[in-house]
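Thanks for sharing this one. Here are a few notes on its charged side-chain pairs, for you to read alongside the coordinates.

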Amino acid sequence: MKVQDQIEESLRQKAIPEKAAFFPRFFKTGKGEYGEGDRFLGVTVPEQRIIAKKYWKDLPYQELEIMIKSPFHEVRLTSILILVLKYQKATSKAEKKSWVDFYLKNRSWVNNWDLVDSSAHLILGDYLFDKDRSMLYDLAKSGILWDQRIGIMSTFYFIRKKDFTDTLKIAEILLHHPHDLIHKAVGWMIREVGNRDFETANQFLMNHYQSMPRTMLRYAIEKFDVDTKAFFMKKD
């Protein structure tokens, strides 16, 4: 039996019917919604992580590429969790680059917020930290929802290193994006900046809060004190 078949069988064994019924609503799979057409087995993320850790070493490139294109959400997410492990355990720059290239080549299948958020900063953010980062600006300007989320979420790695410049520049690019999934991601990253450097986040918000979508602003100021939050939320 192929490793991918073992993984998919393991996932099916952990499927919960109630979750399989709930996830399509949670991940907005209806017609015209961001997850339109996605299918679910009903497997929780902790179970997927256990399976990914069990099989990541043995899963070959070709089978990983088949898995990441699966119609089932959990198979794609498990493949992405395995990809993150393969990238993190790579022992050479060339090997790391090969997994980054794999990620970029197959990113059209990284097509929901949890798939992006489980991978972008851990693969692309990590890889680009000491390199040219213009790719992230191209993604942010692409007009493709998931590419744009990859663009901003990749900077989470930089934030953890207390490097905020690209996060705030990309936030400006996405400031007036029409989709709330981008509002949430941008607001979240601004909040993470504020957790490490209140003044930097506060100055960015002072410059932009009056034109920011309310969801973005709410996410950004979530950890601020009551009075500061009240100030920003009176923007209307």
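1. Arginine 76 and aspartate 38 are both buried in this predicted model. Their side chains meet in a salt bridge, with N and O 2.9 Å apart. Arginine 76 belongs to helix α5 (residues 73-89), while aspartate 38 sits in the loop between α2 (17-26) and α3 (45-55), so the contact ties together parts that are 38 residues apart in sequence.

2. Next, have a look at aspartate 147, which pairs with arginine 107 in a salt bridge whose closest N and O atoms are 2.9 Å apart. Here helix α10 (residues 145-153) supplies aspartate 147, and the loop between α6 (93-105) and α7 (113-117) supplies arginine 107, so parts 40 residues apart in sequence are tied together. Is each partner buried or exposed? Aspartate 147 counts as buried because its relative accessibility is 6%, under the 20% cut-off. Arginine 107, at 26% relative accessibility, counts as partly exposed.

3. Helix α10 also holds arginine 149, which is linked to aspartate 117 in helix α7, 32 residues away. The two side chains form a salt bridge with an N to O distance of 2.6 Å. Arginine 149 and aspartate 117 are both buried.

4. One group is worth viewing together: Arg133, Asp163 and Asp166 are joined into one network by salt bridges that share partners.

5. And how many salt bridges are there in the whole structure? The search finds 11, among them the pairs described above. As a general reminder, side chains of opposite charge can pair when their charged atoms come close.

Notes
Residues are numbered from 1 along each chain as its sequence is written. This is a predicted model: local features need pLDDT of at least 70, side-chain atom pairs count only at pLDDT 80 or more; totals for chains, interfaces and linings use all residues. Side-chain values use heavy atoms; hydrogens and water are left out. A salt bridge is a side-chain nitrogen of Lys or Arg within 4 Å of a carboxyl oxygen of Asp or Glu. Helices (H or I, at least four residues) and strands (E, at least two) are DSSP runs, numbered from the N terminus. Buried means under 20% relative accessible area, exposed over 50%, partly exposed in between (1.4 Å probe, protein chains only).
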